[in-house]
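The following report describes a two-chain model chain by chain, and it is meant to be read beside the sequence and the coordinates.

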Amino acid sequence: MSYHSFLLEPISCHSWNKDRTQIALCPNNHDVHIYKKDGTKWTKIHELKEHNGQVTGIDWAPESNRIVTCGTDRNAYVWSLKGEVWKPTLVILRINRAARCVSWSPKENKFAVGSGSRLISICYFEQENDWWVCKHIKKPIRSTVLSLDWHPNNVLLAAGSCDFKCRVFSAYIKEVEEKPGPTVWGSKMPFGEVLFESGPSGVGNRLAWTSHDSTVAIAEGGKTSTISSLSSETLPLLCVSFITENSLVAAGHDCYPVLFVYDGTKGSVTFGGKLDVPKQTSQRGISARERFQNLDRRATSSETTEQGLESLHKNSISQISVLEGGKSKCSTFCTTGMDGGMVTWDVKSLESALKDLKIV
Amino acid sequence: MAKNTLSSRFRKLDIDEFDENKFVDDHDEAVDNQGPDGAEIDNLIRQGDMMTAFHIALRNPPVNTKNPAIKERALAIVLRVLTSFKSSDIEPAVKSLDRSGVDLLMKYIYRGFKKPSDNSSAILLQWHEKAFAVGGLGSIVRVLTARKTV
């Protein structure tokens with residue numbers, strides 16, 4: 001587990017390149033900074049300045065090495081590396097509110113942008129015009145689309161939005177691809193409270209999301225789609241990602257990642273454990289003076305003087321990304337948050353450090 | 001003329017009201033729960049059977065109705081049960097609830113906080129402490145974000 005503090009501003013969004021040596025992130029302003037890893041240090045190598053509003057989503061396509069960014073200025077740009085410089089290409093999204101999230105499809109021939117204008121723009125490159133064109137998914141979305149994730153078959157898209165529903169759409173564009181085969185997902189599934197991040201599992205049969213009312217839920221597609229949810233005791237979670245077929249890692253306002261285990265046969269989600277550096281409790285006696293001070297300050301004369309948070313991140317975690325192993329067998333993942341820091345977590349060492357943790 | 005002396009009446013206009021795709025909240029009117037039965041609860045309180053009165057009070061919460069009278073009535077009944085509990089009995093009562101029961105109890109506690117009467121706040125604070133120990137911050141977040149209020 002290594003913690004690196006990039007800056008003092010929150011990191012709005014981040015994305016890694018294919019071999020995980022470079023990270024593109026937005027330091028809560030209009031630019032995107034690309035940092036390169038040198039051993040244990042990170043140096044800034046590029047600054048992508050084109051947006052007029054805060055950059056809300058970044059995605060780096062691993063195979064084609066293109067970065068797509070979207071922002072509150074209602075635009076998206078596709079950046080390609082020409083020599084040593086990243087060159088932007090504007091994509092007209094035809095939205096009248098801010099763009100909120102962006103994601104490349106698995107085959108990288110199209111990307112989806114979720115926005116505050118209650119629609120999803122699916123953009124693809126049209127060869128004859130040499131231009132990125134977009135199609136809109138409007139019905140039946142009633143409010144801002146907050147999170148998007150693609151199914152591995154490159155056609156289905158899961159979207160979570162502020163109208164309390166998580167939906168699965170077909171984003172099939174006939175100019176770009178052949179007809180898809182049948183999948184287990186039939187139609188949309190309405191649920192729950194305001195949603196945050198949804199992430200399909202590696203094989204694409206399961207969809208997980210977290211919502212503002214401190215619950216996490218998993219839906220399994222199929223003839224009889226089942227939804228199981230867990231109301232947690234923690235503060236709301238902001239992001240979630242599958243790390244194996246049955247386990248997911250989520251993080252949020254509690255500043256530490258949490259593991260949840262899904263049991264497909266029972267259809268239940270259970271809390272797996274808190275993933276964080278174990279506390280170093282110092283065994284010093286507490287003096288009478290400190291006891292009275294605690295009583296004065298906090299109305300309890302308890303032993304622990306927790307001046308700050310015990311977790312690695314000092315503020316809410318806003319995004320999780322899988323670094324190695326893909327969604328079906330993740331071995332490292334990374335979290336960034338509002339404290340401007342990034343932590344890379346290693347699954348093996350977490351498993352050995354926290355003894356009763358089991359990642360199935 | 002300077003721009004800032006022109007009329008700024010347009011700022012009072014809510015542009016989203018004119019949008020035909022406006023978000024309209026669709027509550028599904030599920031089964032109308034009428035709230036707990038007052039007479040039955042009164043009987044149980046008089047007999048001293050607080051646990052049963054407590055469980056019955058938390059059954060059939062009027063979460064789906066839009067009728068404020070039903071909600072007020074249910075709230076009054078639940079608060080009567082909560083305030084007649086002895087302090088030592090609160091913890092076992094909370095422990096006997098399941099997760100959604102604890103969430104429901106929290107919702108009633110916060111509604112009770114809104115309208116304090118006599119010394120109801122003191123006992124409600126004790127209920128809150130015990131319910132928080134079981135439900136954690138998540139149950140309070142669910143009170144704040146709940147669409148179906150009790």
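Which residues of chain A does the UniProt annotation "repeat: WD" cover? According to the UniProt record, an unreviewed entry, this annotation covers residues 48–82 of chain A; UniProt positions are given here in the numbering used for this model, feature names are shortened, and annotations may be inferred rather than shown by experiment.

The model is predicted, so local features need pLDDT of at least 70 and side-chain atom pairs count only at pLDDT 80 or more, whereas totals for chains, interfaces and linings use all residues. Residues are numbered from 1 along each chain as its sequence is written, chains are lettered from A and ligands numbered from 1 in the order in which they are written, and side-chain values use heavy atoms, with hydrogens and water left out.

**Confidence**

The model scores ipTM 0.71 and pTM 0.77. For chain B the mean pLDDT (the predictor's confidence in each residue, from 0 to 100) is 78, and 86% of the residues of chain B reach 70 or more.

**Chain A**

Chain A holds two helices and 27 strands, where helices (H or I, at least four residues) and strands (E, at least two) are DSSP runs numbered from the N terminus. Of the 360 residues in chain A, 52% are buried; buried means under 20% relative accessible area, exposed over 50%, and partly exposed in between, computed with a 1.4 Å probe on protein chains only. Among the contacts in chain A (heavy atoms within 4.5 Å) between residues at least 6 apart in sequence, 46% join residues at least 24 apart.

Over residues 48–82 of chain A, the stretch is 60% strand and 0% helix, with its end C-alpha atoms 13 Å apart. A:His51 lies in the loop between strand 5 (41–49) and strand 6 (55–60) of chain A, and A:His51 counts as buried because its relative accessible area is 6%. Leaving aside neighbours within four places in sequence, the contacts of A:His51 include A:His30, A:Thr69, A:Asp73, A:Asn75 and A:Tyr77. The last of these, A:Tyr77, is 26 residues away from A:His51 in sequence and 8.2 Å away in space, C-alpha to C-alpha.

Two loop residues of chain A other than glycine have a positive phi: that of A:Asn28 is near 60 degrees, and that of A:Glu108 is near 60 degrees. A:Asn28 is found between strand 3 (22–26) and strand 4 (31–38) of chain A, and A:Glu108 between strand 10 (99–104) and strand 11 (110–115) of chain A. The table lists the relative accessibility of loop residues from both chains.

| Residue | Relative accessibility | Class |
|---|---|---|
| A:His51 | 6% | buried |
| A:Asn28 | 32% | partly exposed |
| A:Glu108 | 6% | buried |
| B:Lys66 | 61% | exposed |

**Chain B**

Chain B has six helices and zero strands, and its pattern along the sequence reads α-α-α-α-α-α. Buried residues make up 38% of its 150 residues, and residues 24 or more positions apart account for 77% of the contacts in chain B with a separation of 6 or more.

The largest nonpolar core (a set of buried Ala, Val, Leu, Ile, Met, Phe, Trp, Tyr and Cys residues joined through side-chain atoms within 4.5 Å) has 32 residues, of which B:Phe54, B:Leu82, B:Phe85, B:Leu105 and B:Trp127 touch the most other members. Helix 1 (38–47), helix 2, helix 3, helix 4 (87–95), helix 5 (99–114) and helix 6 (120–145) of chain B each supply at least two residues of this core, and helix 3 of chain B gives the most, with seven residues. Apart from this core lies another, of 17 residues, among them A:Ala61, A:Ala76, A:Val113 and A:Trp132.

Not counting residues up to four places away in sequence, B:Leu105 touches B:Phe54, B:Leu82, B:Val94, B:Leu97, B:Trp127 and B:Ala131.

How do helix 3 and helix 6 of chain B pack, and what is the angle? Their axes, which are lines fitted to C-alpha atoms over the stretch in contact, with angles running from 0 to 180 degrees between N-to-C directions, lie 10 Å apart at an angle of about 80 degrees. The two helices of chain B, helix 3 and helix 6, are therefore roughly perpendicular to each other, given that angles under 35 degrees count as roughly parallel, over 145 as roughly antiparallel, 65 to 115 as roughly perpendicular and the rest as oblique. In this packing, B:Leu79, B:Leu82 and B:Thr83 in helix 3 meet B:Ser120, B:Ile123, B:Leu124 and B:Trp127 in helix 6.

B:Lys66 is found in the loop between helix 2 (50–57) and helix 3 (68–83) of chain B. The C-alpha atoms of B:Lys66 and B:Ala131, 65 residues apart along the chain, are separated by 27 Å.
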